[in-house]
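Student: I want to go through this model and test the words we use for it. Can we take it piece by piece?

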Amino acid sequence: AADRHLVRIVIVGHVDHGKSTLIGRLLHETGGITPQKLDQLKAISARRGMPFEWSFLLDSLQAERDQGITIDTSQIRFQTPSRDIILIDAPGHAEFLRNMITGAAQADAALLLIDAAEGVRDQTRRHGYLLHLLGVKQVTVVVNKMDRVDFAEPVFRAIENEIAAYLAGLGVRASAVIPISAREGDSVSARGARTPWYEGPTVLEALDGFEPARAPGDLPLRLPVQAVYKFDDRRIIAGRIETGELEVGEEIVFQPSGKTAVVKTIETWPAPPAGREVRALEAGAPAAITLDREIFVERGEIVAKPSARPHAARRIRVRLFWLADEKLEVGTQLIARLATSEARATVAAVHQVVDPGHLSTFEATGIGRNQVGEVELALSRPIAADPHGVNPRTGRVALEIGGRIAGGGLVVSVLDGEGTKP
Ligand code: GDP
């Protein structure tokens, strides 16, 4: 239940626009860093004869993490009055996408940073596009370095209009556009006195207003089968519950085969004393179950409840980011991986190729390296899939060529395949 207020955010923006400075300031102002640590860092920069930079704070945390000094190695966390914020590292958009594709990172919300003196750049637009591609719907824009433009309202308004229009073109609504100075501390957690014309939230208030992700337990059951083991006469089906819950005695269905059974036992090791058996499992738990009847099921199928099952998809529309050198075009053969299943896939149509820098859609027969687009994939056999909007865990696809990840993205829709809308 504590995790219900957890929001994973990503901060994106052109290099040098002040990402690290903003993160350092947020950590400091939310108590994510001790005063001792801060003094220590200020002393170090004084000794080096450099002005204190908030970004040092982040660099030094990074260095500690690299050396494995701190316990929490992968995440930066801080708290706003009603949210636990986890900051997802986004070193570059290729890495970020790779993480997204493989499921390592899933951002619920984003801060898009713009340098007030530089304005909206191509990279800003590209980042905005990536957020859209990733299905991140909550975006707050932060116009940083307002001190460089003397906190002039017209400069801010021009940037605000340009970026809001760009995002609106993508169907993304900026929840706020905030003028700040990360370095000097205006409107990060305390309202900036030099922007009296601004009436919106501070960065901290905007973060506090982000909706937490829907808890995976609230979504319908999805248990992708990792393996089926045979012990004596018993078949044990093993995997990990991505979303939803599972109970002994419940009827379940395997997709895409459509076979049904009732959960007989939930197996745990070592075996518990009689009467103490596990009767139910929640999202996130490893699962090993036996069934009331003998049916043949394999790795790759997804266990669901009959009333809310994933599609047994034969043809899917995918919004993807392409990383490989070879062009993705009609006829290209790939391996598509979805949860624990894989199938051969052939590109049946290329619907859209987009230059994220200018949001121009152009006519093209294929998608090149670092381009994004939407394609239709025909699968060699049905696999279980959900549209990303319905279930982000099972609505994500990785594409491989010759054993390498060549791209990936979101299942926009299932064009051919039976299923029940959860
Ligand atoms: P990053 O590359 O986006 O992480 O940017 P940094 O946080 O490293 O900042 C880049 C440079 O911009 C550094 O020299 C910062 O001191 C400077 N900077 C960051 N925020 C502000 C600000 O609000 N005002 C001014 N004038 N400079 C800033």
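Tutor: Yes. Keep in mind that this is a predicted model. Start with helix 6, whose buried residues pack against strand 4 (109–115), helix 5 (122–133), strand 5 (138–144) and strand 6 (174–179).

Student: Which residues of helix 6 are buried?

Tutor: Phe 156, Ile 159, Glu 160, Ile 163 and Leu 167.

Student: Why do we say that the buried residues line one face of helix 6?

Tutor: Look down the axis of helix 6. The buried residues fall within an arc of 105 degrees, so they line one face. In general, an α-helix has 3.6 residues a turn, so residues three or four places apart point the same way.

Student: What is exposed on the other side of helix 6?

Tutor: Pro 154, Asn 161, Ala 165 and Ala 168 are exposed there.

Student: How do you know that the span of helix 6 agrees with its number of residues?

Tutor: Helix 6 has 17 residues, 153–169. At 1.5 Å a residue, they should span 24 Å. The end C-alpha atoms are 24 Å apart, so the two agree.

Student: What follows helix 6?

Tutor: Gly 171, with a positive phi near 85 degrees.

Student: What makes the phi of Asp 16 worth a remark?

Tutor: Its value is near 80 degrees, which is positive, and Asp 16 is a residue other than glycine. Asp 16 sits in the loop between strand 1 (6–13) and helix 1.

Student: Why is Asp 16 called exposed?

Tutor: Exposed takes 12 or fewer other C-beta atoms within 10 Å. Asp 16 has 11, so Asp 16 is exposed.

Student: And Lys 145, in the loop between strand 5 and helix 6: why is Lys 145 called buried?

Tutor: Buried takes 20 or more other C-beta atoms within 10 Å. Lys 145 has 22, so Lys 145 is buried. Its phi is also positive, near 60 degrees, in a residue other than glycine.

Student: Which residues have the most contacts inside the largest nonpolar core?

Tutor: Ile 9, Ala 110 and Val 143, in a core of 104 residues. Beyond four places in sequence, the contacts of Ile 9 include Ile 85, Leu 87, Ala 110 and Leu 207.

Student: Which residues come nearest to the ligand?

Tutor: Gly 18, Lys 19, Ser 20, Thr 21 and Arg 183, of the 18 around the ligand. Helix 1 (residues 19–29) gives the largest share of that shell, three residues. By class, the shell has two nonpolar, eight polar and eight charged residues.

Technical notes. Residues numbered from 1 in each chain as written. Predicted model: local features only at pLDDT ≥ 70, side-chain atom pairs only at ≥ 80, totals over all residues. Helix = DSSP H or I, 4+ residues; strand = E, 2+ residues; numbered from the N terminus. Expected span 1.5 Å × (residues − 1). Arc of directions from axis to C-beta. Contact = placed C-beta atoms within 7 Å. Near = placed C-beta within 6 Å. Nonpolar A, V, L, I, M, F, W, Y, C, P; charged D, E, K, R; others polar. Core = buried A, V, L, I, M, F, W, Y, C linked by C-beta atoms within 7 Å.
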